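Biologist: I am new to this structure and should be grateful for a close look at a single part of it. Please take one sheet and follow it outward to its surroundings.

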Amino acid sequence: MSKRIPYGQNYYPPVPTGFTKWKRISKFWQFFRFMIINLKMLRMVRKH
Amino acid sequence: MQRLLILGAGISGHTAALHAWKKLKGTHEVMVVSPNKNWNWIPSNIWVGVGFMEPKQVTFDLEKVYYKEGIHYRQAKALEIYPEGNSEHKKPCVLIEYTSEGRRGQQEFVEYDYLINSTGPKLNFNATPGLGPEHHSYSVCTYGHADETWKALQILINEMRHGQKKRIVIGTGHGTCTCQGAAFEYLFNVEYILKKEGVRHMAELYWISNEAELGDFGMGGMHIKMGGYVTHSKIFTESLYAERGIKWITQAAVKEVRDKELTYEDLDGVMHELDFDFAMLLPPFSGVGLTAKNKAGADITSELFAANGFMKVDGDYTPKEYDNWSPEDWPKSYKHPKYDNVYAIGIAFAPPHSISKPMKSKSGTPIFPTPPRTGMPSGVMAREIAFNICDRMLGNPEKATRTASMAKMGAACIASAGAGVLDGTAVSMTVYPIVPDFETFEETGRDLNFTTGEIGLAGHWIKHLLHHGFIYKAKAKPFWRLIPE
C-alpha cells in the first residue's frame, strides 16, 4: 500500500489487510475460488 | 447454393463463420473476407505489451483453419456494400480490395445471399491530435502495437534501473473512448512488471480516463454483494488503486498529446497539462468506413450506417434523455431494418446509446465512455445470429427467432492485474444484464445474484485457461463447440 496522505485521493478508499492480500494469492484458497468462479461463469453461460 | 458472406474475422466474425459452417454442413457456402492474415486473441494483447507473451502466442494463420474447414476466405478489406446489387450484379454484393501478397490492391465484387458485418472498429487515433504509436503515445489494441509498446517499456525500465524516475500515464486518449477494461488491465500489468523488475519505486503511475468514476468500465459500473453490503465497483476499484499506489484522473477528455506532455479537459471545461515519460492511451473507436450504394449507384451510406460508421440494426435510435432509456432500445436480432439479409454484430453494430450516463463539459466536450462490447457478448450474438441465418438458408425461417440483446445477456469478464502464475492476480467479474435494467432490477439495474466480482490468483489462472481454450476453439480443433462463447 502506498503512503496515505491525509485528505488526499488515496486516503479514503478501503485497502486490504495483510490477511486479505494473503488470501488473494494463497494457492489452497485460490484453488477453491477457482472452482467457485468457474461455476459462476458457467451459470452465466447457461443463461444464454 | 446460397452464400453467407462474413466481413471481418475477429471474435464475432470468426465465431459466426465456424458455427454457420458447422450447421450448414456444406449445403451452402460460407465466405469470410478479412484484411488480416492472422486471427488475434485480443484480450491477451495486454500480456504482449508487458512481455509475458510473444505476438505468435496470441495469433494464428486464418487461412489454414478456413482451408481445413472448407470455409472460403479472401484476405481483403470490404469497401462498398450494394444491398440491392448493381448494374453488373443482380444479387446483392460487396466490393472488396485484396490485401494479400500478390493480389494487393486488386478489387472484386463478391455476391451474397446473406451478409454479416463484423468488421469491428477502426482505431480512430486521428480523433486526438498526437495520439497513437505513430505520434506520441503507445497502444495495445493490436498485437503489433502491443509488441512495440513492450519494447518501449523495456527501455524505460532500463532507464529506471539507472536511477531515473519516470511518470507513466495509462488510460483513454479521447473523451468518448471505450474498452477502459483493457487499459485497466495494462495499467496493473505494468505495475506488476515494474515490481518484478525492482523499479516500482522509481515510477509514478497515473490512470487517466473519461469515466465518471473509477470502476465505471463503460457500463455505469456495477453493484455487488460483499461483506454484508451492496457496494458499487467504484469502491473496489479505488481500493485497488490506493493499494497499488496509483493516482487517478477521471472525467477527463484528452485533447492533445505532445512529446512527453498531454492536455486534457475536465467536466468544468478547464484544461490541464500532464507531463509523462511513457503513455499508453487507447483511441476512440469508429466504424471502418464502409460505404453503401443502391442499385442505381446512389449513395445510401446513411441508410445503412450511423454517423459514427457503425451499422444500424434493429435498435431504437431515437435520441432520448438518459432517464428515458429502456432495455428495449437495444438490438435483438441485429438485422438491418430495411435489408433483412444484412446483419451487424460485435463492435460493428451501432448501439442505440451509451450505457454510462452521457456527460458534457461546460464547453460542450462529451466526456463519457461509449458502450463496450467484449468477447462474451460478441461471441454469443455471433452464434445466435449465425444460427438464425442458417435456419433461413436451410428453409426453416420459422426457427430463425433467436435473440441476443445486451439488455438480456450477461457477461463474464476476467481483468488481469498482474501476470504471475503463482503471485499474479485478476479481477473476475460476472454481470447480468450487461445493459442495466432498472425496470426489472429497480435498485441497481442488475441481478445481484448473477453480478459478482472478486480479485485473486484464481482469476489469473482462469484468464490463462481462457487464453488457451479460446485459441483452441478458434482453431476449430476437435470438440471446439464444447467450449462456450
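Biologist: In what order do the strands of the open sheet of three strands in chain B lie, and is their pairing parallel or antiparallel?

Modeller: The model is a predicted one. The three strands of this open sheet in chain B follow the order β22-β23-β24, and their pairing is antiparallel. At the edges stand β22 and β24 of chain B, each of which pairs on one side only. On average, neighbouring strands of the sheet are turned by 10° against each other, direction ignored. In general, the strands of a sheet pair through backbone hydrogen bonds, in either the parallel or the antiparallel sense.

Within the sheet, β23(B) and β24(B) run antiparallel and are joined by five bridges. One position deserves particular attention: Ser428(B) stands opposite Glu454(B), a residue of β24(B). Glu454(B) also reaches the other chain, for it forms a salt bridge with Arg33(A), in which the closest N and O atoms are 2.5 Å apart. Between chain B and chain A, three salt bridges are counted, together with nine residue pairs in polar contact, both residues being at pLDDT 80 or more.

The sheet thus leads to the contact between the chains. Among the elements that give two or more residues to the side of chain B that touches chain A are β22 (411–416), β23 (426–431) and β24 (452–456), as well as the helices α6 (233–243), α8 (375–393) and α9 (457–474) and the strand β14 (247–249). By class, that side of chain B has 23 nonpolar, eleven polar and eight charged residues. The contact takes 42 residues from chain B and 25 residues from chain A. Together the two chains bury about 2,900 Å², of which 69% is on carbon and sulfur atoms. In chain B, the residues that lose the most area to chain A are Glu243(B), Phe450(B) and Glu454(B), which together account for 20% of what that side buries.

The strand β14 of chain B leads on to another sheet. This open sheet of four strands has the order β14-β11-β10-β18 in chain B, with parallel pairing. Its edge strands are β14 and β18 (278–282) of chain B, and its neighbouring strands are turned by 15° against each other on average, direction ignored. Six bridges link β10 (residues 166–172) and β11 (residues 203–208) of chain B in the parallel sense, and Arg167(B) has Glu204(B) in β11(B) as its bridge partner. Helix α5 (residues 180–196) of chain B packs on this sheet and touches β10, β11 and β18 of chain B, its direction making about 175° with that of β11(B).

Note on methods
Residues are numbered from 1 along each chain as its sequence is written. Chains are lettered from A and ligands numbered from 1 in the order in which they are written. This is a predicted model: local features need pLDDT of at least 70, side-chain atom pairs count only at pLDDT 80 or more; totals for chains, interfaces and linings use all residues. Side-chain values use heavy atoms; hydrogens and water are left out. Contact means heavy atoms within 4.5 Å. Buried area is the accessible area (1.4 Å probe) that two parts lose on being put together, summed over both. A salt bridge is a side-chain nitrogen of Lys or Arg within 4 Å of a carboxyl oxygen of Asp or Glu. A polar contact is a pair of N or O atoms within 3.5 Å; within protein, one must be able to donate a hydrogen and the other to accept it, and residues adjacent in sequence count only if both atoms are side-chain atoms. Ala, Val, Leu, Ile, Met, Phe, Trp, Tyr, Cys and Pro count as nonpolar, Asp, Glu, Lys and Arg as charged, and the others, Gly among them, as polar. Two strands pair if DSSP finds at least two bridges between them. Axes are lines fitted to C-alpha atoms, for helices over the stretch in contact, and angles run from 0 to 180 degrees between N-to-C directions.
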